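Q: Got a minute to go through this one with me? I'd like to start with what counts as buried.

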Amino acid sequence: MNSVFEILRDNWLLLLVGQYPNGPLGGIACTLILSVLGIVLAFPLSVLLALARLSHWRLLNWPAGALVYIVRGVPLLMVILWVYFLVPLLIGRNVTGFVTMLCTLVIYEGAYLAEVVRAGIEALPKGQMEAARSLGHSHLGAMRLVILPQALFNMLPSMLSQFVSTIKETTLGYVINVPELTFAANQINNQLLTKPFQVFFILAVIYYVLCWSLTRAATALERRIEAKRAGPRATVAEIRAAGLVQPVAAEP
Amino acid sequence: MKGFDIMAILLNAEFGKMLLEGVRMTLIIALGSWLLAMTLAVVLLVVRLTPSRIAERVVTAYISYHQNVPTLVQLMLWYFGISSLMPEAVQGWLGEHNGEAVYAVIGLGLCQAAYFSEDLRSGLRSIAPGQAEAARALGHSYVGAMRHVLMPQAVRNALPALVNHSVSLFKNSSLAMAIGVAELTHAVKEVESLSFRTFEAYLLATVMYLVVSLLIMFAGAWLARRAAIVGAR
Amino acid sequence: MIVFSNVNKWYGHYQALADINAEVRKGEVVVVCGPSGSGKSTLIRTVNRLEEIKSGELLFEGQNVHAPMSSTELNRLRSRIGFVFQSFNLFPHLSALDNVMLSPMHVAGVKRGDARDKAMQLLDRVGLAAKAMSYPAQLSGGQQQRVAIARALAMEPPAMLFDEPTSALDPEMVGEVLAVMRSLAKDGMTMMCVTHEMGFAREVADRVWFMDAGRILESAEPETFFRNPQHPRAQRFLSDLRSH
């Protein structure tokens, strides 16, 4: 147990920000920035993909569907390898591991989020779209003003848990030398060599605390959204006050 | 860049062999960890259903750990961390008998068991409460009710989630590459570095992964259709 | 056969059953009626211990239902009491025949062939021999409830409990279920029924228990009860019923 605290004390800066300022930003900071950027950029892509999948035009529907199925059927590691290979070809120069990882996350999360958004839209009562169209809105207008705002609000807990998934996915950046948290931990391990269990134990705990708190937040958020949707309900005191329950004999 | 020539890989004996080995390793890991995960998931479920509060806390902690720590980190903890704590004899034996693959199967299996267990639990919870009552009213024991009435329905309810998580498990086999297992992704990288035919190699691997993923999904859909409760809407 | 002695049940401040003292004799048909929330369902569910009691004693065939006992003993006891639910609760993944056969085979240890024969007989008795291979989702409500009755009868219980067996049915299907219950009564089955079907009560019941707020307020023969209810709440209940 002591060795765990020692390692933490000696290496907390490396775990937190990597080699910065003597190198690129790494560690937890890199992980978080990568995850946040990843999901923020994936979000508009996912909305577009979801709308394409819901559209009746085969020209939109099929390619979007194909993209989603392919990305979901291929391991993240393969997607990383593809992006690592294709991006320099497409833009004519080399890119850092960070950028590669970011592009990968945007594509991968975009496909998964697209399904979340699609589910959210389909879960709304049909009457919403019908009402909007009857008022004269175009399909896209109705989507923008009526459907998406509601769907996205309802899907917030799911999106939060996709964010947690994104954080877990950043660990694969290790394979292409992105200096995120897992990479930093491996660096520490390669230096120390004698305490691998302690190092990886610390790594697991950090991720656990991070992901668990976010998951808790998502669950709490979900409960609040459910409560809002259920509407106000009378409390027991109010029911009794209204005289709807007969007072009974005291407990023997 | 040379012209697209997939045959250069497929026909080359050495590359073909590497890829085939990779596929074999991937399938072994995927199957091994799936079996481990399913068995453990049932055990976890049974333990969780006992009235003991400690049992519930232990299972909840297990599931929480495996769902919140990234799979890659779990594998690293097993392969680099826990292996170093093993007695010398075990370490030696594992070193000679493909230790990386063993740890990969254990790590992946234990991780997915958490997800499968939650799927089964959701399946159980989505059964109408009257079912358990009816079984009890007829005099079935707890085990009997589970066996004949509740688990058949729970598994049917949980099937879509179980299939999805099975596909995830299969894809996660690629993570084993990070701890040195010579599965498909690893093989593809080797072939690519030797043949310089990056695009063709990647394409082959992608197609192979896709085919198996789609197979699992179709098998799941077929199973769901066959086992579907007759007449249910 | 079923004896309630000073049975009480409460949750916190709410008294679900209060000082129940009553008896269902062998071969008797008792109908329990009363307004919603009067405790009728709770009462009938205490008989096979789907609900617990807080004080008092409930005897079935002389055995104390709520005494501490092993689960094996409780299961054996329950297999001797047939229970028919308001929501049928047929097992959706099994055919009608399998539903009826399941418990004799796995609870009573009856051999498959014998269980199957008995099950077909019972399905025939409730008029559904032709539907033996159908699954619950393919059957109407009335048919499902009749299969449920056959399923309960398959265990050869000396008594049958019915918890609002027709309340979840469309009106045109109520008759077929009541017909089965009537024929059971005629064959001498001991029955306790919670029901709103007053016509059935008048025709078939030996006694009617009127409940309100967890108490049995009146217990009388059907003709007496329906023509001349004593308790004011019973009078109000019957007049409300008639005004439909």
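A: Sure. Buried means under 20% relative accessible area, exposed means over 50%, and partly exposed is in between, using a 1.4 Å probe and protein chains only. With that cut-off, C:F210 is buried, and so is C:F237.

Q: Before we go on, what sort of model is this, and how is everything numbered?

A: This is a predicted model, where local features need pLDDT of at least 70, side-chain atom pairs count only at pLDDT 80 or more, and totals for chains, interfaces and linings use all residues. Residues are numbered from 1 along each chain as its sequence is written, chains are lettered from A and ligands numbered from 1 in the order in which they are written, and side-chain values use heavy atoms, with hydrogens and water left out.

Q: Back to C:F210 and C:F237, how are the two rings arranged as an aromatic pair?

A: They're tilted, 5.2 Å centre to centre with 45 degrees between the planes. For the terms: rings of Phe, Tyr and Trp (its six-membered ring) pair if their centres lie within 6.5 Å, and planes under 30 degrees apart count as stacked, over 60 as edge-to-face and the rest as tilted.

Q: And which parts of chain C does that pair tie together?

A: C:F210 lies in strand β9 (residues 207-212) and C:F237 in helix α9 (residues 232-242) of chain C, so the pair ties together parts that are 27 residues apart in sequence. Helices (H or I, at least four residues) and strands (E, at least two) are DSSP runs, numbered from the N terminus.

Q: How many aromatic pairs are there over all chains?

A: The whole structure has 18. Among them is C:F83 with C:F85, a tilted pair at 4.7 Å centre to centre and 50 degrees between the planes. Both of those residues are buried. There's also a cluster in which ring pairs link A:W82, A:F85, B:F199 and B:Y202.

Q: New topic: at what angle do α4 and α5 of chain C pack?

A: About 140 degrees, with the axes of α4 (residues 112-125) and α5 (residues 141-153) 9 Å apart. Axes are lines fitted to C-alpha atoms, for helices over the stretch in contact, and angles run from 0 to 180 degrees between N-to-C directions. α4(C) and α5(C) are therefore oblique to each other; under 35 degrees counts as roughly parallel, over 145 as roughly antiparallel, 65 to 115 as roughly perpendicular and the rest as oblique.

Q: Which residues make the contact?

A: C:K118, C:L122 and C:L123 from α4(C), and C:V147, C:A150 and C:L153 from α5(C), where contact means heavy atoms within 4.5 Å.

Q: What about C:N89, where is it?

A: C:N89 is in the loop between β6 (81-84) and α3 (96-106) of chain C. With a relative accessible area of 8%, C:N89 is buried. Setting aside neighbours within four places in sequence, C:N89 contacts B:G130, B:Q131, B:A134 and C:R151.

Q: How many helices and strands in chain B?

A: Chain B has 10 helices and zero strands. Of its 233 residues, 48% count as buried, and its C-alpha trace spans about 75 × 50 × 25 Å along the principal axes.

Q: And B:A205, which helix is that in?

A: B:A205 lies in α10 (residues 198-227) of chain B. B:A205 counts as buried at 0% relative accessibility. Not counting residues up to four places away in sequence, B:A205 touches A:M78, B:L184 and B:V188.
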